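Here is a short tour for a newcomer. Please look over the sequence and the model before reading on.

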Amino acid sequence: AKQTIAHLYTAVERMSRLVAQLLSLARNEPTTLRKLDLAPLDLSKLAFDVTMEWVPEAYRRNIDLGFEGVQPHATVRGDATRLTELINNLLDNAIRYSRDNGRVTVRVASRPSRLSVSDDGPLIPVDERERIFERFHRLLGTHADGSGLGLAIVQEIAKLHDAKITLSEDADGLGNTFTVTFPA
């Protein structure tokens with residue numbers, strides 16, 4: 001009975017996450033959104049606060065989670081709730097796909113204001129780098145749980161902020177770097 005309940009609990013958690021992601025995707029589609037109220041916000045502080053919420057999960061996976069900010073702080077015009085969701089999705093993917101004892105680093109820079117998340121996950125092939133942002137797209141051979149919606153949500157939120165998201169190989173050659181660059 002305990003094993004069955006544990007399986008049910010895991011299935012309910014996955015279903016709940018999928019429903020939340022589908023709702024988020026629907027909420028962030030430009031065709032359904034009437035108007036987005038953008039206000040000046042401190043991207044450095046927001047990214048730091050969200051990153052700190054992921055410390056326990058990174059710790060459980062033995063992942064070195066780091067943050068590198070800028071002084072003075074980077075300010076962008078944005079919706080704090082949606083940008084929090086964007087950062088959460090990037091961190092979730094980075095931690096989920098990084099190797100054990102790996103590292104994930106969040107960086108915030110200014111001029112132009114940008115946020116990047118680097119991981120030690122499997123390198124995403126160049127020919128897959130555009131498709132990775134499509135809904136339900138998952139790379140073959142990845143064994144982590146997921147629906148393939150997280151990066152689609154990130155892209156929709158970036159578009160709502162007139163920001164551009166790019167994916168590149170991490171500077172050290174291990175893993176990937178997702179960078180969101182905001183308009184000046």
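Where does Ile-87 lie? Ile-87 is part of helix 4. One caution before going further: this is a predicted model.

**Ile-87 and its surroundings**

Is Ile-87 buried or exposed? Ile-87 has a relative accessible area of 1%, so it is buried, the cut-off being under 20%. Leaving aside neighbours within four places in sequence, Ile-87 is in contact with Leu-46, Ala-47, Val-50 and Leu-115. Thr-51 is 36 residues away from Ile-87 along the chain. In space, the C-alpha atoms of Ile-87 and Thr-51 are separated by 8.0 Å.

**Helix 4 against helix 5**

Two packed helices are described by the angle between their axes and the distance between the axes. Helix 4 covers residues 80-97, and helix 5 covers residues 150-160. Their axes come within 9 Å. They cross at roughly 150°. The crossing of helix 4 with helix 5 is left-handed.

Which residues of helix 4 make the contact? They are Arg-82, Leu-83, Glu-85, Leu-86, Asn-89, Leu-90 and Asn-93. Helix 5 brings Gly-150, Leu-151, Ile-153, Val-154, Ile-157, Ala-158 and Leu-160. By class, this contact has 9 nonpolar, 3 polar and 2 charged residues.

Helix 5 is mostly covered. How many of its 11 residues are buried? The count is 9. Among them are Gly-150, Ala-152, Glu-156 and Leu-160. Asp-162 follows helix 5 and has a positive phi, near 55°.

**The five-stranded sheet**

Strands of a sheet pair through backbone hydrogen bonds, either parallel or antiparallel. Here an open sheet of 5 strands has mixed pairing. Its strand order is 2-4-5-7-6. Which strands are at the edges? Strand 2 (64-68) and strand 6 (164-169) are the edge strands, and each pairs on one side only. On average, neighbouring strands are turned by 15° against each other, direction ignored.

Strand 2 and strand 4 (residues 103-109) run parallel and are joined by 5 bridges. Asp-64 has Arg-103 of strand 4 as its bridge partner.

Helix 4 comes back into view here. It lies across strand 2, strand 4, strand 5 (114-118), strand 6 and strand 7 (176-181). Relative to strand 5, helix 4 runs at about 20°.

**Strand 1 and strand 3**

Strand 1 (residues 39-42) and strand 3 run antiparallel, with 4 bridges between them. Asp-42 stands opposite Thr-75 of strand 3. Strand 3 covers residues 75-78, and its side chains alternate. Val-76 and Gly-78 point to one face and are buried. Thr-75 and Arg-77 point to the other face and are not buried.

**One aromatic pair**

How many aromatic pairs does a search of the whole structure find? It finds 1. The ring centres of Phe-48 and Phe-67 are 5.3 Å apart. Their planes stand at 75°, so the pair is edge-to-face, a term used for planes over 60 degrees apart.

Phe-48 lies in helix 2 (residues 43-53), and Phe-67 lies in strand 2. The pair therefore ties together parts that are 19 residues apart in sequence. Phe-48 counts as partly exposed, at 35% relative accessibility. Phe-67 also counts as partly exposed, at 24% relative accessibility.

**Backbone features in the loops**

Asn-101 and Arg-111 are non-glycine residues with a positive phi. The table sets out their values.

| Residue | Phi | Loop | Relative accessibility |
|---|---|---|---|
| Asn-101 | near 65° | between helix 4 and strand 4 | 56% |
| Arg-111 | about 55° | between strand 4 and strand 5 | 74% |

Asn-101 is exposed, with a relative accessible area of 56%. Arg-111 counts as exposed at 74% relative accessibility.

What kind of peptide bond joins Arg-111 and Pro-112? It is a cis bond, with omega about -5°. Pro-112 has its place in the loop between strand 4 and strand 5.

Terms used:
Residues numbered from 1 in each chain as written. Predicted model: local features only at pLDDT ≥ 70, side-chain atom pairs only at ≥ 80, totals over all residues. Heavy atoms only, no water. Axes fitted to C-alpha atoms, helices over the stretch in contact; angles between N-to-C directions. Helix = DSSP H or I, 4+ residues; strand = E, 2+ residues; numbered from the N terminus. Left-handed = near helix turned anticlockwise from the far one by under 90°. Contact = heavy atoms within 4.5 Å. Nonpolar A, V, L, I, M, F, W, Y, C, P; charged D, E, K, R; others polar. Pairing = 2+ DSSP bridges. Phe/Tyr/Trp six-rings, centres within 6.5 Å; stacked < 30°, edge-to-face > 60°. Buried < 20%, exposed > 50% of the residue type's maximum accessible area, 1.4 Å probe, protein only.
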